[in-house]
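Please look at the sequence and the model below. The report that follows describes one part of the fold and the ligands beside it.

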Amino acid sequence: MNMPVPGHIDPVPVPREVTPRADGRIDLLGLPKKQIAALFEQAGLDAKAAKLRGKQVWHWIYHRGVSDFEAMTDIAKTTRPWLAQRFVIARPEVVEAQHSTDGTRKWLLRTADNHDFEMVFIPDADRGTLCVSSQVGCTLNCRFCHTGTMRLVRNLTPGEIVGQVMLARDALGEWPKGSMSGLDAEEDEGSYTSDGRLLTNIVMMGMGEPLYNFDNVRDALKIVMDGDGLALSKRRITLSTSGVVPMMERCGQEIGVNLAVSLHAVTKDIRDEIVPINRKYGIEELLQACAEYPGASNARRITFEYVMLKDRNDSDEDARELVRLIKQYKLPAKVNLIPFNPWPGAPYECSSPERIRRFSDIVFEAGISAPVRTPRGRDIDAACGQLKTAAEKKSRSELDRIAAEKQAALES
Ligand code: SAH
Ligand code: SF4
């Protein structure tokens, strides 16, 4: 029968607000254009000047990657320090950058209030995909996912989400001019795409459940998609959810990006065990929401992610049931089979390559695309489900011990 599932299955989506900056300045990154103008007006500029300066600053931030007001040469010399006293254009801090032997790169990032999170860049022959985090940790405890063993620290802000894309452009040297100083742009790696860019796609598949941080993810992706912002097409952005059914329609309507759904199992028993949110929103409800997802069509199919776990969800029968469900709900779907990526203490093993091949064949034979994903960046723990920051890698008992030692030191 079911194994007991640790942790909450009914998480509180928004744990707490961001700590304000110690220096009192306001971070402009991630704010809508209109809000930037409004802030300039509040700070003392007249309405017309505020609007114009807002537009100029926006252009420097998102078109040129500039984070220093001094570099904004079309803004009056005297206005630049005035701006710098009141505002900043902050990037998340890069704590560590790692490089896999397969070209995958992982960055450990830190927020201004000292929370660590991760982002991953995966270069391929015809594209470069940035895997972006939406939360520090995750409230949902999927049993096969390392991130799920972290407690949720907080939602990332729109600035911290857009900031990941900005940092990737910094690191890849992909701003029109300048701003690459000090970062290791490596030109010998990956191939340039037709439009000359390495970073072509974004997937919201890093740490966290993006639909439990809906507003911030939406506001960030609006900037990423804005023609005057980072100008990435919504067709090149995919949001992955473990199945937060009530937010799926709004995701389609208000963000309009491609949808990926972490299905992972086709029976209630198994999905309850491995994706505990299933106890709240079951498979039928989830697939119905997929059938109604705004914008889904044969040209824009929904991706079902399916992690291959030995003897749990990988039988021929499971594959046939998957096909049946997709057909029953008439879903324009493709399936991504993800070999399970191990992590220390994980309660599962990966299915054998033969089993995965057989599973894939059954789905393919039914006319549904079901490629097997090659794991990327496993050597630097950058593959799906391996993200967990070092600070959080300490076990609860270790943290308790450290706290007790600190307390003892204080008392002595
Ligand atoms: N929280 C969202 C997005 C992040 S996870 C979601 O769950 O959809 C990105 C994908 O990696 C999900 O499909 C997730 O189920 C999968 N994944 C998690 N742990 C994994 C592991 N250990 N091996 C392979 N895939 C994993
Ligand atoms: Fe959270 Fe997604 Fe990991 Fe589940 S798979 S614990 S929803 S990050």
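S262 lies in strand β11; helices (H or I, at least four residues) and strands (E, at least two) are DSSP runs, numbered from the N terminus. The model is predicted: local features need pLDDT of at least 70 and side-chain atom pairs count only at pLDDT 80 or more, while totals for chains, interfaces and linings use all residues. Residues are numbered from 1 along each chain as its sequence is written, chains are lettered from A and ligands numbered from 1 in the order in which they are written, and side-chain values use heavy atoms, with hydrogens and water left out.

**S262 and its surroundings**

S262 has a relative accessible area of 12% and is therefore buried (buried means under 20% relative accessible area, exposed over 50%, partly exposed in between, with a 1.4 Å probe and protein chains only). Leaving aside neighbours within four places in sequence, S262 is in contact (heavy atoms within 4.5 Å) with S240, T241, S242, R271 and E305. The side chains of S262 and E305 are joined by a polar contact of 3.4 Å. A polar contact is a pair of N or O atoms within 3.5 Å; within protein, one must be able to donate a hydrogen and the other to accept it, and residues adjacent in sequence count only if both atoms are side-chain atoms.

**Strand β10**

Strand β10 covers residues 237-241, and five of its five residues are buried. In a regular strand the side chains alternate between the two faces of the sheet. In β10, I237, L239 and T241 are buried on one side, and T238 and S240 are buried on the other.

Two strands pair if DSSP finds at least two bridges between them. β10 runs parallel to β9 (residues 201-204), with three bridges, and parallel to β11 (residues 258-262), with four bridges. L239 is the bridge partner of M204 and also stands opposite L259 in β11.

**The ligands**

Ligand 1 is surrounded by 21 residues, and F144, G208, S240, S262 and H264 are the closest; a residue is near a molecule if one of its heavy atoms lies within 4 Å of it. The table gives three of the distances.

| Ligand 1 atom | Partner | Distance |
|---|---|---|
| nitrogen | G208, polar backbone atom | 2.9 Å |
| oxygen | S240, side-chain N or O atom | 2.6 Å |
| oxygen | H264, side-chain N or O atom | 2.6 Å |

Around ligand 2 are C138, L140, C142, C145, G148, G208 and S242.
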